Amino acid sequence: MLIALAVALIAFLGLTARYFVWPRLPVLPPHIDAIVELAGPGDDDRDRLATQLAQARRADYLVQSTLPSDAASGRCLPAPPGVTLLCFHPDPDTTRGEAEAIARYAREFGWKSVVIVTTADHAWRARLRVTRCFPGQVYVATSHLPPLYWFRQIPYQWAASAKAELVQTTC
């Protein structure tokens, strides 16, 4: 019994590390159609990374998912020169709502590739959600998640990933 419990714990920790701490992500190509910053914990570092990618001219569009308070105040990232800025508030206010919005923008602007800016804990599920709605290439760039957030985010990501895999299996 104790051995089975130890094996289960090691498997759980291994899967947590693989999917939520150090996810395997494809290398970003030199240019994609859009940089999409998803809302969530660690927004300041997500802002920094999304802006850095845009300033390096990695895409023609910089898209930011905002919180309700940000959308009401009109708070969005500043657009670097030569980059089109789009801000939206997803409906529903979830990763699934963000994926649906990305698909709508992609149809409207003819995007074939996007890079999602999020944190490592969210990378796997965000990519899953977006690939279900958007038929193009989906890349992920991860920003820093403050250490205290990990204790809340890991259980949350396990539950949300189970929901995405078992309950909400379409776009």
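A residue counts as buried when its relative accessible area is under 20%. Asp45 is therefore buried in this structure, since its relative accessible area is 18%. The model is a predicted one, and the points below turn from the surroundings of Asp45 to the nonpolar cores and then to a patch on the surface.

**Asp45**
- Asp45 belongs to helix H2, which runs over residues 43–55, and its side chain makes a polar contact of 2.8 Å with the side chain of Arg48.
- When residues up to four places away in sequence are not counted, Asp45 touches Ser143 and His144.

**Nonpolar cores**
- The largest nonpolar core has 23 residues, and those with the most contacts inside it are Val36, Val63, Trp111, Val114, Ile116 and Val130.
- Two or more residues of this core are given by each of several elements, namely strands S1 (34–37), S2 (61–65), S3 (84–88), S4 (113–119) and S5 (137–143), together with helices H4 (95–109) and H5 (120–133).
- Helix H4 supplies the largest share of this core, with 6 residues.
- Ile116, leaving aside neighbours within four places in sequence, is in contact with Val36, Leu38, Ala126, Arg127, Val130, Val138, Tyr139, Val140 and Ala141.
- A second core, separate from the largest one, has 14 residues, among them Ile35, Leu53, Ala54 and Val115.

**Surface patch**
- Leu9, Phe12 and Leu13 make a nonpolar patch of about 290 Å² on the surface, and Leu13 has its place in helix H1, which covers residues 2–21.

How values were computed
Residues numbered from 1 in each chain as written. Predicted model: local features only at pLDDT ≥ 70, side-chain atom pairs only at ≥ 80, totals over all residues. Heavy atoms only, no water. Patch = residues over 30% accessible without salt bridge, like charges linked within 9 Å, V, L, I, M, F, W, Y side chains within 5 Å. Areas by Shrake-Rupley, 256 points an atom, 1.4 Å probe, with all protein chains shown as cover. Salt bridge = Lys/Arg side-chain N within 4 Å of Asp/Glu carboxyl O. Helix = DSSP H or I, 4+ residues; strand = E, 2+ residues; numbered from the N terminus. Core = buried A, V, L, I, M, F, W, Y, C linked by side-chain atoms within 4.5 Å. Buried < 20%, exposed > 50% of the residue type's maximum accessible area, 1.4 Å probe, protein only. Contact = heavy atoms within 4.5 Å. Polar contact = N/O pair within 3.5 Å; in protein donor to acceptor, adjacent residues only side chain to side chain.
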